[in-house]
Amino acid sequence: MALLCLIFSAHLKCNAQDEVISTRDSVLQISVERYLTLGLASYYMKLNDQHVSPLNYMGGSFLMQFGAFKRKKNTIRNLTFSATSTVLSPKPDEREIDPTGNYYKLEMAYSQHYYLRSFDRSKYQWYVGGKIKSATNIRLNPQLDGGFITFLLANGIFASSVIEREIKVSSRPLTLSWQLDLPIVNHVIRPSFLNIYDFVNPESDWVEERLSDSGWKAINRYSNITSTISLLYPIKSNNILKFSYEWDFYRINSGLKATRASHTYMFSFLFNF
């Protein structure tokens with residue numbers, strides 16, 4: 001009889017513990033943080049596109065970004081839209097050879113990460129996932145009659161990883177994170193040399209010619225790598241201030257090569273809702 005009472009008591013205790021764990025997990029699962037994001041950044045880039053010129057072009061401007069950020073128990077989702085325009089110039093002593101041109105960039109990105117594990121006594125949290133990105137790069141070259149407009153359109157899938165660590169400054173918890181995005185495959189549309197259009201032939205189709213220059217490219221043909229370091233600083237009303245630095249690099253290895261590297265220093269405000 002005593003043995004039966006002991007077994008019954010142990011069973012009730014296990015059920016109670018399971019209910020506590022289940023309740024705790026359900027609370028964590030429905031605990032969702034949602035934010036609208038608005039950011040302003042200082043943007044600098046360097047470009048070498050042999051479809052246009054063998055010279056290196058440099059320029060800087062401001063970049064605007066808005067989007068949405070959502071965090072649940074084990075997932076992080078982020079959607080961003082960004083735009084910038086700048087004037088690209090070669091070195092001062094080369095401007096007589098090849099003058100300045102205008103550059104425009106539009107980008108949409110969506111990433112989703114899942115918690116994988118923690119390490120170093122749970123100081124670091126590691127998330128892995130994926131990212132899709134659509135980037136439109138347009139360059140106006142007024143000095144080139146036949147190739148006044150050149151562009152690069154890239155839509156791709158990326159493998160992505162985030163490492164986070166919480167640090168304390170004046171007893172306030174801050175989150176430091178590093179995100180790395182590596183390309184898996186991209187569909188790239190890049191016109192032929194100087195984007196020259198066969199306007200002499202009445203049967204020529206500009207859209208068809210541009211699509212003929214497109215194709216799927218793996219990392220060995222189109223390597224677009226992005227590294228982002230961010231610091232999140234919580235303020236009143238559950239809002240967040242975010243400071244970030246992003247290094248973005250791409251290189252096309254097919255045909256005439258093109259290389260671009262950019263640096264973005266951004267200040268963002270995350271509105272909780």
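**Exercise 1. Place Asp 181 in this predicted model: in which strand does Asp 181 lie, and is it buried or exposed?**

Step 1. Start with the secondary structure: Asp 181 sits in strand β7, which covers residues 172-189.

Step 2. Now check the accessibility. The relative accessible area of Asp 181 is 2%, under the 20% cut-off, so this residue is buried.

Step 3. Look around it, skipping neighbours within four places in sequence. Asp 181 then touches Lys 131, Phe 158, Ala 159, Ser 160, Asn 224, Ile 225 and Thr 226.

**Exercise 2. Work out which side chains pair with the side chain of Asp 181 through polar contacts and through a salt bridge.**

Step 1. Take the polar contacts. The Ser 160 side chain is 2.6 Å away, and the Gln 179 side chain makes a contact of 3.1 Å.

Step 2. Add the charged partner: Lys 131 and Asp 181 form a salt bridge, 2.9 Å from N to O. This pair links distant parts of the chain, with Asp 181 in β7 and Lys 131 in β5, 50 residues apart.

Step 3. Check the partner's accessibility. Lys 131 has a relative accessible area of 11%, so it counts as buried.

Step 4. As background, side chains of opposite charge can pair when their charged atoms come close.

**Exercise 3. Find out how many salt bridges the whole structure has, then examine the one between Arg 71 and Glu 164.**

Step 1. The search turns up six salt bridges.

Step 2. For Arg 71 and Glu 164, the closest N and O atoms are 2.6 Å apart. Arg 71 belongs to β2 and Glu 164 to β6 (residues 149-169), so this bridge ties together parts 93 residues apart in sequence.

Step 3. Both ends are worth a look: Arg 71 is buried at 16% relative accessible area, and Glu 164 is buried at 12%.

**Exercise 4. Trace the network that contains Arg 260 and Asp 248.**

Step 1. Arg 260 bridges to Asp 248, with the closest N and O atoms 2.1 Å apart. Arg 260 is in β11 and Asp 248 in β10 (residues 240-252), twelve residues apart.

Step 2. Arg 260 is buried, with a relative accessible area of 2%, and Asp 248 is buried at 3%.

Step 3. Bring in Lys 133: salt bridges with shared partners join Lys 133, Asp 248 and Arg 260 into one network.

**Exercise 5. Examine the backbone in the loop between β4 and β5: what are the phi values of Asp 120 and Arg 121?**

Step 1. Asp 120 has a positive phi of about 55° without being a glycine. Arg 121, also not a glycine, has a positive phi near 55°.

Step 2. Locate them: Asp 120 is in the loop between β4 (101-119) and β5 (124-140), and Arg 121 is found in the loop between β4 and β5.

Step 3. On accessibility, Asp 120 is partly exposed at 40%, while Arg 121 is exposed at 80%.

**Exercise 6. Map the nonpolar surface patch, and decide which part of the model to treat with care.**

Step 1. The patch covers about 930 Å², and its members include Leu 36, Phe 62, Met 64 and Phe 273. Strands β1 (33-49) and β2 (57-71) each supply at least two residues.

Step 2. Phe 273 comes in the segment after β11 (258-272) and is exposed at 54%.

Step 3. Now the confidence. Mean pLDDT is 83, with 77% of residues at 70 or more. Residues 1-30, though, have pLDDT below 50, and this stretch makes four contacts beyond near neighbours in sequence. Where pLDDT is low, the predicted coordinates should not be read in detail.

Technical notes
Residues are numbered from 1 along each chain as its sequence is written. Side-chain values use heavy atoms; hydrogens and water are left out. pLDDT is the predictor's confidence in each residue, from 0 to 100. Contact means heavy atoms within 4.5 Å. Patches are made of residues with over 30% relative accessible area and no salt bridge: like charges are joined within 9 Å, nonpolar side chains (Val, Leu, Ile, Met, Phe, Trp, Tyr) within 5 Å. Accessible areas come from the Shrake-Rupley method with a 1.4 Å probe; for residues, only the protein chains shown count as cover. A salt bridge is a side-chain nitrogen of Lys or Arg within 4 Å of a carboxyl oxygen of Asp or Glu. Helices (H or I, at least four residues) and strands (E, at least two) are DSSP runs, numbered from the N terminus. Buried means under 20% relative accessible area, exposed over 50%, partly exposed in between (1.4 Å probe, protein chains only). A polar contact is a pair of N or O atoms within 3.5 Å; within protein, one must be able to donate a hydrogen and the other to accept it, and residues adjacent in sequence count only if both atoms are side-chain atoms.
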